[in-house]
Amino acid sequence: MSTKVKNPNDSGSGFIVAIIAVVAVIAAVIGVVLYMGRSKEADELAKSFPSAEVNASVAFDGAVVVFKKDGAAAKSADLYEDFSCTYCAQLDAASGEDALKAIEAGDLELRVHTLNFMDRGADGHSTEAMAAFETVAHSGDAKLAWNYRAMLMRDQQKVFNWSKQDFADAAKVMGASDDVVKKIADGAGIDETKANAETNAETLRAAINEVSSPHVLQDGKQVDQNGWVETVTKK
């Protein structure tokens, strides 16, 4: 008894192949539309975010991003935060403007220790947002770094599902150079970000015996987050 082998090019199989091709095209079109829509949302969000003038500098001190007024004898505060942390976003909304005023007045040196513990070991939003922020900070543009970080914090719910390209698009709208935009889109700083997040977590654990956020420390001791800017600068 012989077994008949069906020709893959006969009418039945051809119809199935055609259906698969149509489905693939539709899926591709939907993907493009969704990407364009999300990219547009990132652009609009970045355009609408208030852009504060920042009369200060930004630089790295190891794993820490430091905002300060050069040459000022400022009081130093260590801020620990995670871009996925709701309470961190609330703290920034409540104290960000006061912190910037104190920095510009030469009263505060803000040392931002970014964490990614909320990703639970994965390359999630905390890590990708941190990588984008650090890439911006590496450019040395304090205005861009300050406003970009504030946007990622205060519009946390809107940016939570962003892709690397979305982070890059928003940075471009806010004034980042083509080189910075490309690095964000490519995820070029992700390994450094992971190492920095681990270092910051270890520093925090050594100070308070746990890793959580947000926390404000001065001289290794926790500061009450209510009115922390005034507390730190008046000491």
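What is the order of the 6 strands in the open sheet? The order is β1-β2-β4-β3-β5-β6, and the pairing is mixed. Helices (H or I, at least four residues) and strands (E, at least two) are DSSP runs, numbered from the N terminus. Two strands pair if DSSP finds at least two bridges between them.

This is a predicted model, in which local features need pLDDT of at least 70 and side-chain atom pairs count only at pLDDT 80 or more, while totals for chains, interfaces and linings use all residues. Residues are numbered from 1 along each chain as its sequence is written, and side-chain values use heavy atoms, with hydrogens and water left out.

**The sheet**

The edge strands of this sheet are β1 (57–61) and β6 (221–222), each pairing on one side only. The table lists pairings between strands of the sheet.

| Strands | Sense | Bridges | Residue pair |
|---|---|---|---|
| β2 and β4 | antiparallel | 3 bridges | Phe67 and Leu110 |
| β3 and β4 | parallel | 8 bridges | Asp78 and Arg111 |
| β3 and β5 | antiparallel | 3 bridges | Asp78 and Leu217 |
| β5 and β6 | antiparallel | 2 bridges | Gln218 and Lys221 |

Asp78 thus appears with a partner in β4, Arg111, and with one in β5, Leu217. Strand β3 is largely enclosed by the rest of the structure, because 6 of its 8 residues are buried. Buried means under 20% relative accessible area, exposed over 50%, and partly exposed in between (1.4 Å probe, protein chains only).

In β5, His215 and Leu217 point one way, Val216 and Gln218 point the other way, and all are buried. A hairpin is formed by β5 and β6, with 2 residues between them. Asp219, in the turn of this hairpin, has a positive phi of about 55°.

**Helices on the sheet**

Helix α4 (residues 142–154) lies across β1, β2, β3 (75–82) and β4, and runs at about 45° to β3. Helix α8 (residues 190–208) also packs on the sheet, where it touches β1, β2, β3, β4, β5 (215–218) and β6. The direction of α8 makes about 110° with that of β4. Axes are lines fitted to C-alpha atoms, for helices over the stretch in contact, and angles run from 0 to 180 degrees between N-to-C directions. Contact means heavy atoms within 4.5 Å.

**Helix pairs**

Two packed helices are described by the angle between their axes and the distance between the axes. For α4 and helix α6 (residues 164–173), the angle is about 135° and the axes are 11 Å apart. The two helices are therefore oblique to each other. Angles under 35 degrees count as roughly parallel, over 145 as roughly antiparallel, 65 to 115 as roughly perpendicular and the rest as oblique. Leu144, Tyr148, Met151 and Leu152 of α4 meet Phe167, Ala170 and Ala171 of α6 in this contact. By class, the contact has 7 nonpolar, no polar and no charged residues. Ala, Val, Leu, Ile, Met, Phe, Trp, Tyr, Cys and Pro count as nonpolar, Asp, Glu, Lys and Arg as charged, and the others, Gly among them, as polar.

Helix α3 (residues 125–138) packs with helix α7 (residues 178–186) at an angle of about 160°, with the axes 9 Å apart. That makes α3 roughly antiparallel to α7. Ala132, Thr135 and Val136 of α3 make the contact with Val180, Lys183 and Ile184 of α7. These residues divide into 4 nonpolar, 1 polar and 1 charged.
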